[in-house]
Amino acid sequence: MTQLKLRSLWQEGWQLFQHYPAELLGFSAVSLLIQSGLQSLPILGWLALPFFVGPLTLGLNWGIWQRLCDRDRPLSDFWIGFQQPFLFWQSFWAVTWISTIALICWSPWLIGAVGLWSWWEVNRTVAIAIGSISGIFGLIGLASFCYLMVAYQFTFLLIADRHLRAWPAMQVSLQLLRSQWGIAALGIAGWTVVSSAIAIITCCLGLVLTTPLFYCCLIAAYQQLQNADPLVESTI
């Protein structure tokens, strides 16, 4: 079993990023503008968002992966999620599944907040009981959320690279990262802190840089695991 090393992944990701800075930064900027524009629209924009987030994320994964495998690739690689119906719909369903799972994981906190607010003036004993029970399940949900959001990182690349459907891609991604979860979680947590700080300092403009750089490191990890672990082949 290959053991991923964060330092080597950051180095490989940075080297890959340096080869294609204009392409990666350009697509990242356009992608963030599209998503920001949709989020600014009331109701309709949020309903349309999953139809764009999935294909855009898949396209960034696929574009980087193709450049890692072949140094001479067209820009159309980044838009493959909108060009092939299978990839478009599977990336949409991947966003839908992952968002639904995230909502389920966070739901105990929402239920607890509503319960406390509804029962506080009626019966505080009941309100405290609801809050306590919801808090316990909320911690379980939080742990599940952190675990699964790390484990599903390869989902979009597996859809594009292996033409898996959304749910099987999520399961294969989970299997690939299960033995590497501690390293992956540490790396993603560290990168989240760094990218968040950069985003705050630069008024979110830093995301244009940090997003493709993160995916370059992720693709480097995927290559290492794919070359060393037959799990993906045996699962398909």
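Helices are taken here as DSSP runs of at least four residues, numbered from the N terminus, and in this predicted model the loop between helix H2 (21-39) and helix H3 (44-69) contains Ile43. Although Ile43 is not a glycine, its phi is positive, at about 60 degrees. Most residues other than glycine have a negative phi. The residue is also exposed, since the relative accessible area of Ile43 is 65% and the term applies to values over 50%. A second case is found at His163, which is likewise not a glycine and has a positive phi of about 55 degrees. His163 is placed in the loop between helix H7 (155-162) and helix H8, and with a relative accessibility of 44% it counts as partly exposed.

Helix H8, which spans residues 166-178, is made up of 13 residues, and the distance from its first C-alpha to its last is 18 Å, close to the 18 Å expected at 1.5 Å a residue. The buried residues of H8 are Ala166, Ala169, Met170, Val172, Ser173, Leu174, Leu176 and Leu177.

In soluble globular proteins, nonpolar side chains tend to be buried together. In the present model the largest nonpolar core comprises 59 residues, among which Leu24, Ile64, Tyr152 and Phe154 touch the most other members. Helix H10 (residues 207-228) supplies the largest share of this core, with 10 residues. For Ile64, when neighbours within four places in sequence are left aside, the contacts are Leu16, Leu24, Phe78, Pro212, Tyr215, Cys216 and Ile219; Leu24 thus appears both in this list of contacts and among the core residues that touch the most other members.

Helix H10 is also the location of Phe214, a residue that counts as buried because its relative accessibility is 14%, with the limit for that term set at under 20%. Not counting residues up to four places away in sequence, Phe214 touches Gln153, Ile188 and Trp191. Between Phe214 and Thr192, the separation is 22 residues in sequence and 9.4 Å in space, taken from C-alpha to C-alpha.

Rolling a probe the size of a water molecule over the atoms shows where empty space is left. One cavity of 30 Å³ or more is present in the structure. The largest cavity holds about 170 Å³ of space, and its lining consists of 16 residues, of which Leu9, Ala184, Ile188, Leu218 and Ala221 lie nearest its centre. Two or more residues of this lining are given by each of helix H1 (6-19), helix H9 (181-201) and H10. Ile188 therefore has a place in two parts of this description, as a contact of Phe214 and as one of the lining residues nearest the centre of the largest cavity, which it joins by having an atom within 4 Å of a cavity point.

The cysteines were examined last. A disulfide is a covalent bond between the sulfur atoms of two cysteines. With a cut-off of 2.5 Å between cysteine sulfur atoms, the count of disulfides is zero. Cys105 is in no disulfide, the nearest cysteine sulfur being that of Cys146, 9.0 Å away. Seen from Cys146, the closest cysteine sulfur is in Cys105, and no bond is assigned because the distance of 9.0 Å is too far. The surroundings of these two residues can be described as well: Cys105 counts as buried, at 9% relative accessibility, whereas Cys146 is partly exposed, with a relative accessible area of 36%.

Terms used
Residues numbered from 1 in each chain as written. Predicted model: local features only at pLDDT ≥ 70, side-chain atom pairs only at ≥ 80, totals over all residues. Heavy atoms only, no water. Buried < 20%, exposed > 50% of the residue type's maximum accessible area, 1.4 Å probe, protein only. Core = buried A, V, L, I, M, F, W, Y, C linked by side-chain atoms within 4.5 Å. Contact = heavy atoms within 4.5 Å. Expected span 1.5 Å × (residues − 1). 1 Å grid on protein atoms, 1.4 Å probe; cavity = no way out; pocket = protein on both sides within 12 Å on 5 of 7 lines; lining within 4 Å. Points joined across faces, edges and corners; volume = space filled by probe spheres on them.
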